[in-house]
Amino acid sequence: MDSVWVAISGALVFMMQAGFAMLESGMARAKNAVNVMMKNYMDLAVGALLFWLVGYGLMFGGNPSGWIGTDHFALAYGDDWSASMLFFQLMFAATAATIVSGAMAERTRFVAYLLGACGIMALIYPVFGSWAWNEHGWLRQMGFIDFAGSTVVHSVGAWCALAGIMVLGPRLGRFGSKGEVHMIPGHNLSLVAMGGFLLWFGWFGFNGGSTLAAGAEIGPILLNTHMAGAAGAVGALLTALAMRQPVLMAYVVNGSLGGLVAITAGCASMDVPYAVLTGFVGGIVTMFGVWALEKLRLDDVVGAVAVHGFSGVWGTIAAGLFLKGNMFDLNQVIVQLIGVAVAFVWVFLSALLMYGLLSRTIGLRVSTMHEQRGLDITEHGEVGYPEFNRDAAYQREHVQQLNRL
Amino acid sequence: MDIVLRRRAILTGLRPFLSDEELLPAVALWEREYAGQPVFALSGFIAKCCTRPALKAQRGQMLRAVIGAMELPERQLLPDPGAREGDAATAQRTTSLSADDKTSMFAVLLQAMLLLIEPALQGAVRNRLLQQLDKQKFEGVRQQVLQEWLAGHNATLTHSYSLDLLRSFINQAYVAMCEALGPVKADQLLAQAIRQAEIQGHHLSFRVHDLL
């Protein structure tokens, strides 16, 4: 029964990949829509193989030192439960990796991006995961609470994304030379909304499946998850109104996701009102995070750093603050802060090194000519909407004419 | 201040002192040697312009006149000596037969892009392309011709250039438009310019998309 629940939950988490693809693609321009979809599709595929080969062993293998797993690599003869666990955890690893895709959209070389995703799934994510989720991991031994991965999954993805966008620089023309900010609206808000729905749906598997058992606790976890997502959307809505900003689709979708990210750490250890509060603050944190990054001239196309990073930090702290039966325990909060800080230092620095190396070797960023043409054409040789958008500079029939650069 | 406005200021400042025959070469000299230099270098420029004893006596006045013209509002400046009249088709019509079809198509497309943006931004785009040209190393006359054409001095592009160079100029113009207007508007204008260039350059044997 447990295996069935975990396997179904893994399949639900898989659907989050589709949610990310839709959300990120909708927030990108039409000339980069295929590229964003492809990145989400292929990081899952390439990453799955690597996580099976290396990542799972590093994360969940025997870990006598508390720092790194040492077996279960390329698992071939595991029992049924091990297979279910690997399947479920593989989807989590893919989620961490694919968070990066949206932030770095519209100016990243496809192959370099995939190599980065490999680095995340094979090394960066499992190493931190072994500290926090392996039963002998040193953070876990300290009492670090991160039930389904506000930090382990979401912040890890977000700090990688932050390093990526810092190495990459903003999209061409995103910020003018005199400091002006040029909005680059996404090409399809329906996709954004559907992506938001799909992610929210998948989150029930993400948090619910993390029980790793088909028990009665699933109900409260799913309720907390849903209420936090709803409160996050409302938090974003009220923030937009309070700041006299238009209530954009991206704001409320990101607000709901911020709420969901925030509750991920404490969804199994909070009462419902605190889950609502956690989600609500998560939505607000997301909004201000997006604006702060813009002020810093960091170009995060989908707001991934704010949604998954800043809200992940808040949610992890909230899991300590609102711990059922041990509320506002300072010692627990300190442990949570240590976990958050360690995650940032390890993930951000290693990702910065990885993307820096990629940038200096094979190149991470496309040329300005490729940005002009759009990555659908330059990276994949196709056009996302060949029968529509006939006013665009590049059409399907031009692809064959264009010289390779 | 962009290069077109500064050129007009130089012209306006020197106009009372120089004859018609002296004026345009002086502006060309400024553009070639002094446009990228700070204002105090104008003293050296004026010294070079004073080729007659009568002018040498007026050197100080000339310098003050030129510096004063730099402060004038745009409407008080004389028209740009390199300003182009007419539409993008003019560029193609005035392109010499010695320029090949790809260079002609380039002229049509770039002119179409420039005509879609405001004069101030046109100046910024031209500036960027001139800076780009400075980095290129090729034979002097061809460089001079392209420089004059890009600066808007000359309506005629009489030489042919490599596809890579022309493509990089279109791309740099697009980059300048992205930085000034944002990429969404720049994409729209590029698409519009392409459509115009396809019509205006329909008789050329070179496809506009090969420049892109």
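Visitor: What makes A:Met121 stand out in the largest nonpolar core?
Guide: This is a predicted model. Its largest nonpolar core has 127 residues. A:Met121 is among the five that touch the most other members, with A:Val156, A:Trp159, A:Cys160 and A:Ala161.

Visitor: Which residues is A:Met121 in contact with, leaving aside its neighbours within four places in sequence?
Guide: A:Gly47, A:Leu50, A:Phe51, A:Gly55, A:Ala93 and A:Ala97. A second, separate core has 45 residues, including B:Met105, B:Leu150, B:Met177 and B:Leu189.

Visitor: Why is B:Met105 called buried?
Guide: Because a nonpolar core takes buried residues only, and B:Met105 belongs to one. Buried means that 20 or more other C-beta atoms lie within 10 Å of its own.

Visitor: Why is α4(A) called roughly antiparallel to α12(A)?
Guide: Their axes cross at roughly 155°. Angles over 145 degrees count as roughly antiparallel, so the name fits. The axes come within 10 Å, and the crossing is right-handed.

Visitor: Which residues of α4(A) make the contact?
Guide: Among them are A:Ala112, A:Leu115, A:Gly116 and A:Phe128. From α12(A) come A:Gly339, A:Trp346 and A:Tyr355, among others. The residues of this contact divide into 13 nonpolar, 4 polar and no charged.

Visitor: Why does A:Gly116 count as polar?
Guide: Because Gly is placed with the polar residues by definition.

Visitor: How many residues of chain B are in contact with chain A?
Guide: 18 residues of chain B are in contact with 19 of chain A. On chain B, α10 (163-181) and α11 (183-200) each supply at least two. α11(B) gives the most, with 7 residues. The chain B side divides into 11 nonpolar, 3 polar and 4 charged.

Conventions: Residues numbered from 1 in each chain as written. Chains lettered and ligands numbered in written order. Predicted model: local features only at pLDDT ≥ 70, side-chain atom pairs only at ≥ 80, totals over all residues. Contact = placed C-beta atoms within 7 Å. Helix = DSSP H or I, 4+ residues; strand = E, 2+ residues; numbered from the N terminus. Core = buried A, V, L, I, M, F, W, Y, C linked by C-beta atoms within 7 Å. Buried ≥ 20, exposed ≤ 12 C-beta atoms within 10 Å, placed from the backbone. Axes fitted to C-alpha atoms, helices over the stretch in contact; angles between N-to-C directions. Parallel < 35°, antiparallel > 145°, perpendicular 65-115°, else oblique. Left-handed = near helix turned anticlockwise from the far one by under 90°.
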